Amino acid sequence: MVPDLRQQTTLEELNRWTQGNLMARLGIQFVEVGPDYLVAEMPVTPDHHQTFGILHGGASVTLAESVGSIGANMLLDRTRHAAVGLEINANHLKSVRSGVVRATARVVHAGRTTQVWAIELRDEAGHLTCICRHTLAVIARAGVEKA
């Protein structure tokens, strides 16, 4: 059984984790933590576009990987372990030109050495724009012997 994510940290702490890295540059903000899911949003501006004026697929994947990775690390004793991306796949289903995309990540598998998360991205109208599956490796943190 997966622990209640609401008991693991606060939105304020999650949003501090975004500072000074790619998540901050893209404007990614965590907006909700549920018992078994985590939600983040990202604005869609010309800075997020690809050549044809729509949301770049790489930006969508960055949002998905960010919310999945943070969620995975919420399930760990972060003094001993870290979850790092092993693989991510994405199906881009609908283009977005402006507004906000919202990513909802849910844990599918939380094992001792791997985790798998499913992430859905939706536009402001609630349309599914991208669906991802993110696999993470659970590793010992530097200087900590493997449990």
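Start by selecting strand E2 (residues 37–44) and strand E4 (residues 99–110), which run antiparallel and are joined by eight bridges. The model on the screen is a predicted one. To check how the two strands line up, pick Val-44 and look across to E4, where Gly-99 stands opposite.

**The sheet**

Keep E4 selected and add strand E5 (residues 114–122). Eight bridges join E4 to E5, and these strands run antiparallel. Follow the chain from E4 into E5: a hairpin of three residues makes the link. For a marker on this pair, select Arg-102 and find Arg-122 opposite, in E5.

Next add strand E6 (residues 128–140), which pairs with E5 in the antiparallel sense over nine bridges. Which residue of E6 is the bridge partner of Glu-120? Select Ile-131 to see the partner.

Now show every strand. How many strands form the open sheet, and in what order? There are six, in the order E1-E2-E4-E5-E6-E3, with antiparallel pairing. At the edges are E1 and strand E3 (81–92), each of which pairs on one side only. Turn the view to look along the sheet: from one strand to the next, the twist averages 25 degrees. As a general point, strands of a sheet pair through backbone hydrogen bonds, either parallel or antiparallel.

**The helix across the sheet**

Select helix H3 (residues 57–74). Its 18 residues reach 26 Å from the first C-alpha to the last, close to the 26 Å expected at 1.5 Å a residue. H3 lies across E1, E2, E3, E4, E5 and E6, and runs at about 145 degrees to E3. Is H3 mostly covered or mostly open? It is mostly covered, with 15 of its 18 residues buried.

Within H3, select Asn-73. This residue counts as buried because its relative accessible area is 13%, and buried means under 20%. Show its side chain, which reaches the backbone oxygen of Ser-69 at 2.9 Å. In an α-helix there are 3.6 residues a turn, so residues three or four places apart point the same way. Which residues does Asn-73 contact, leaving aside its neighbours within four places in sequence? They are Arg-78, Ala-82 and Ala-83.

**The loop before the helix**

Move back along the chain to Leu-55, in the loop between E2 and H3. Leu-55 is buried, with a relative accessible area of 11%. Leaving aside neighbours within four places in sequence, Leu-55 is in contact with Met-42, Val-44, His-48, His-49, Gln-50, Ser-60, Val-96 and Val-101. Val-44 is the residue that stood opposite Gly-99 in E4. For a sense of scale, draw a line between the C-alpha atoms of Leu-55 and Ser-69: they are 14 residues apart along the chain and separated by 21 Å.

**Charged pairs**

Return to the sheet and show the charged side chains. Side chains of opposite charge can pair when their charged atoms come close. The count of salt bridges comes to six.

Select Glu-32 and Arg-102, whose side chains meet in a salt bridge at 3.0 Å, N to O. Glu-32 lies in strand E1 (residues 29–33) and Arg-102 in strand E4, so this pair ties together parts that are 70 residues apart in sequence. Are these two residues buried or partly exposed? Glu-32 counts as partly exposed at 27% relative accessibility, and Arg-102 counts as partly exposed at 30%.

Then select Arg-106 and Asp-36, which form a salt bridge with the closest N and O atoms 3.2 Å apart. Arg-106 lies in strand E4 and Asp-36 in the loop between E1 and E2, so this pair, too, ties together parts that are 70 residues apart in sequence. Arg-106 is partly exposed, with a relative accessible area of 39%; Asp-36 is partly exposed as well, at 38%.

For the last stop, select Arg-122 and Glu-120, whose side chains meet in a salt bridge at 3.1 Å, N to O. Arg-122 is partly exposed at 32% relative accessible area, and Glu-120 is partly exposed at 31%. Finally, add Glu-41 to the selection: salt bridges that share partners join Glu-32, Glu-41 and Arg-102 into one network.

Note on methods:
Residues are numbered from 1 along each chain as its sequence is written. This is a predicted model: local features need pLDDT of at least 70, side-chain atom pairs count only at pLDDT 80 or more; totals for chains, interfaces and linings use all residues. Side-chain values use heavy atoms; hydrogens and water are left out. Helices (H or I, at least four residues) and strands (E, at least two) are DSSP runs, numbered from the N terminus. The expected span of a helix is 1.5 Å times one less than its number of residues. Buried means under 20% relative accessible area, exposed over 50%, partly exposed in between (1.4 Å probe, protein chains only). Two strands pair if DSSP finds at least two bridges between them. A salt bridge is a side-chain nitrogen of Lys or Arg within 4 Å of a carboxyl oxygen of Asp or Glu. Axes are lines fitted to C-alpha atoms, for helices over the stretch in contact, and angles run from 0 to 180 degrees between N-to-C directions. Contact means heavy atoms within 4.5 Å. A polar contact is a pair of N or O atoms within 3.5 Å; within protein, one must be able to donate a hydrogen and the other to accept it, and residues adjacent in sequence count only if both atoms are side-chain atoms.
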